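Colleague: Please take a close look at one part of this model, the contact between the two chains. I would like a connected account with the cut-offs stated.

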Amino acid sequence: MGMKADLDAIWLSKRTKTWRTPALYLVADTPIDLFTIAGGPVKIHALTAYLEAAITTAVTWHFILGAATLLDAALFAAIGNADETVAVPLANVALIAPALGGPSPSILATAAEVYGILAAPDVITLNLGGAADIDGLTSFCLEWERLSPAASVVPSP
Amino acid sequence: MGAMDNVVGEILEQRRIKTFRAVQAIVASPTPLFTVAGGSVKIFSLSAWIVDAITTAVTWHIMLDAAVALDTALFAALAAANTMVAWPLDVGAALIASAQGSPTPSALASAAGVVGITAAPCDLVLTYAIAAIDGTVGFTVEWEKLSPNSSIVPV
């Protein structure tokens, strides 16, 4: 293979991090599209939230792939300090409260033997419960690999 | 080769590779899915992407040649469109029904302590029983070379 073909092959097979820029999220917009998977299946290794500013209200959150695949057990208090992270377990197990540092995969995910998931094309959504909005800027990062040459993940509009 | 070519060549040789078998109907049993050649490999995952639903009560099963089962036994392949199946890569672990999102390694593979396998040159062969598979399916094998000349190609 030539250099371009080699680089193309490396590019297609690499583990990719897709970042969603910091934003505030409103209950009124629930469910909120975070990432869109298109073109083919992917392997998701991690979904991480980063609280760039504190979340001070008693909002709860919950992540779902498509219509039915739960990426955590249930709505969970999202209150957290600035500069903290949350590892979404990618399984029907509970979220763990934000912390400055935390295991990834989360310890509850590994206890459930979940280290990553296969995902068919669809949208990963954030669902907020309660009456409050997320009042701290929060960004998200999805770590994934292609299982098909045309697969892609982009932050949802 | 120049220095850059050497670096790129080494990355290419050492990287984890995903080999994709295009989405298509499966019309024969056995159907070879992938061929391992040239040396041994380490396989991390084998997954199926069901694009068009499988609506009949067919069962399916994948083996290395006719010798090493990668799941316990023939298992109902009924599946909705746009769903995934993670093969456990272990004769002791059953397949899990397809879902839009599905743990990889499968929960049963992880419970059995299997997160990958080594494989000598062979074919990965799908067999099915009872009826024909009436959906369309793509397969992806995720692997690394354990020998410089190892390869996996879709059949």
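Modeller: What follows goes through the chain contact, from its overall make-up to its helices and strands. This is a predicted model, in which local features need pLDDT of at least 70, side-chain atom pairs count only at pLDDT 80 or more, and totals for chains, interfaces and linings use all residues. Residues are numbered from 1 along each chain as its sequence is written, and chains are lettered from A and ligands numbered from 1 in the order in which they are written.

The contact takes 29 residues from chain A and 27 residues from chain B, two residues being in contact if their C-beta atoms, placed from the backbone, lie within 7 Å. On the side of chain B that touches chain A, the elements giving two or more residues include α1, β3 (41-52), β7 (83-86) and β8 (101-103) of chain B; helices (H or I, at least four residues) and strands (E, at least two) are DSSP runs, numbered from the N terminus. The most comes from α1(B), with four residues. By class, that side of chain B has 13 nonpolar, 10 polar and four charged residues; Ala, Val, Leu, Ile, Met, Phe, Trp, Tyr, Cys and Pro count as nonpolar, Asp, Glu, Lys and Arg as charged, and the others, Gly among them, as polar.

The helices come next. The axes of α1 (residues 3-13) of chain A and α1 (residues 3-14) of chain B come within 10 Å and cross at roughly 40 degrees; axes are lines fitted to C-alpha atoms, for helices over the stretch in contact, and angles run from 0 to 180 degrees between N-to-C directions. In α1(A), A:M3, A:D6, A:L7, A:A9 and A:I10 meet B:D5, B:V8, B:I11 and B:L12 of α1(B). Seven nonpolar, two charged and no polar residues make up this helix contact.

Among the strands, β8 (residues 117-119) of chain A runs antiparallel to β8(B), joined by three bridges; strands pair if DSSP finds at least two bridges between them. A:L118 has B:S102 as its bridge partner. Within chain B, four bridges join β3(B) to β7(B), also antiparallel, and B:I50 stands opposite B:T83.

Both faces of β7(B) are covered, with B:T83 and B:V85 on one side and B:M84 and B:A86 on the other, all buried; buried means 20 or more other C-beta atoms within 10 Å of the residue's own, exposed 12 or fewer, and partly exposed in between. Leaving aside neighbours within four places in sequence, B:M84 is in contact with residues including A:P41, A:L118, A:A119 and A:A120 of chain A, and B:W49 and B:S102 of chain B.
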